[in-house]
Amino acid sequence: GMYMWLSQGIATLGRMGGQVKVAHSLGADDPEEAGRYAQNAIQLGLLLSSLYALIMLVFNGPLIDFFKLNDPSVVRDARIYLAIVSLGMVFSVVMLVFTGIITATGNSKTPFVATVAGLLLNIVLDPLLIFGPGPFPALGVAGAALATVLSQALVVVLFVIYARQDTHLFCHVHMRRRPEGRYLREIVRIGLPTALQSMLFTSVSMVIARLIAGWGDAAVAVQKVGSQIESIAWMTADGFAAAVSSFVGQNYGAGDLQRAKKGYWISLATIVGWGIFCSLLLIFCAAPIFRIFIPDEQVVPLGVDYLVILGFSQMPMCVDIVTAGGFAGFGRTLPPSVATTLLVVSRIPLAMVLCRTSLGLNGIWWSISITSILRGIVLSTMMVLFLRRMTKRNNLASTGS
């Protein structure tokens, strides 16, 4: 799962750069230019995902050994899972690039419908391929991996069908055309800071996971399940960030700074409310929520500690994610990525210090929560200062003209 997460950094390179430049081009009423950016973003995703899949297959053993897992059967299952999902890595990456590009047109319905279809297929295939009822073979972990790959493939097929029928953007996308350096450079310029931040974030999480493994398999399970539970907050924020990036990008490309700013502030206010709700949910309903996933009474107290501690950071985390989306819409991905990266890297020494105190395992959870809170504060402050400078510059330009 960690290596699948790492691949999202590769997807972010094409997705973020493509989404922002497509939005800017559409805002400037240049759909042909937007099509060129979309084409190069998809081609970049295809190339990088193929290289990444090859690395995952060739170095499968050492990559899993990095985590120092305790149970040989867990190691074996992890290697099987990684090998199978690597074969579908192209689907995983291209799916995210398509999502960003289509969202840049102002259409979030199509990615939603396609993703829901993929999730429903995954829900159906998981029990069939894992447990093997009736004529289906019981494949265990391999079945879970296969279900993931097939579900992602379905989403990509649905996106391709949509693209072939689209008359707004994809009619200007010609995949047989060779990649073009000018467009690739712009995509990489916009997407690289966010992609590196994403991959570094995952790498730090891998180091943290290795620390957690020292506390036993129950601690690993708590972190895995707990992060999935709190995804109710960050996945929603991710959706708003994609919308903000597209909305800001189109209006900024059209030269309407006021509307771009208004879109950011409205989205921020909405996500703050959602973040507060998620914080209260995790802090006050931690036990019943965690028991849904792992009812083992020996593990539940560990899970409750995780959810309560991470609960304090849900609202700032949502602010951080949406604000990063706003910066991306303006084409300014480097400053927020640098600030976020520094705070994420600080998790490792902070976790190593806190887990040696009386907090124990909870010290690791606090290192994650504290740095998430600081990210929300730092990025929102940077955005306020950035918007003030932009407004002042626009006012001076208007006065001069």
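Me: Over its 26 residues, what span should helix 1 have at 1.5 Å a residue, and how far apart are its end C-alpha atoms?
Reply: Helices here are DSSP runs (H or I, at least four residues), numbered from the N terminus. The expected span is 1.5 Å times one less than the number of residues. For the 26 residues of helix 1 that gives 38 Å, which agrees with an end-to-end C-alpha distance of 36 Å.

Me: What are these values based on?
Reply: Residues are numbered from 1 along each chain as its sequence is written, and side-chain values use heavy atoms, without hydrogens and water. Local features need pLDDT of at least 70, side-chain atom pairs count only at pLDDT 80 or more, and totals for chains, interfaces and linings use all residues, since this is a predicted model.

Me: Where is the kink in helix 1 centred?
Reply: The bend at a residue is the angle between axes fitted to the seven residues ending there and the seven starting there. In helix 1 the kink is about 40°, and its centre is Ala11.

Me: How many residues of helix 1 are buried?
Reply: Buried means under 20% relative accessible area, exposed over 50%, partly exposed in between (1.4 Å probe, protein chains only). Helix 1 is largely enclosed by the rest of the structure, because the buried residues number 22 of the 26.

Me: How many disulfides does the structure hold?
Reply: A disulfide is a pair of cysteine sulfur atoms within 2.5 Å. For Cys285 the nearest cysteine sulfur, that of Cys278, is 12 Å away. The count of disulfides in the structure is zero.

How values were computed: Helices (H or I, at least four residues) and strands (E, at least two) are DSSP runs, numbered from the N terminus.
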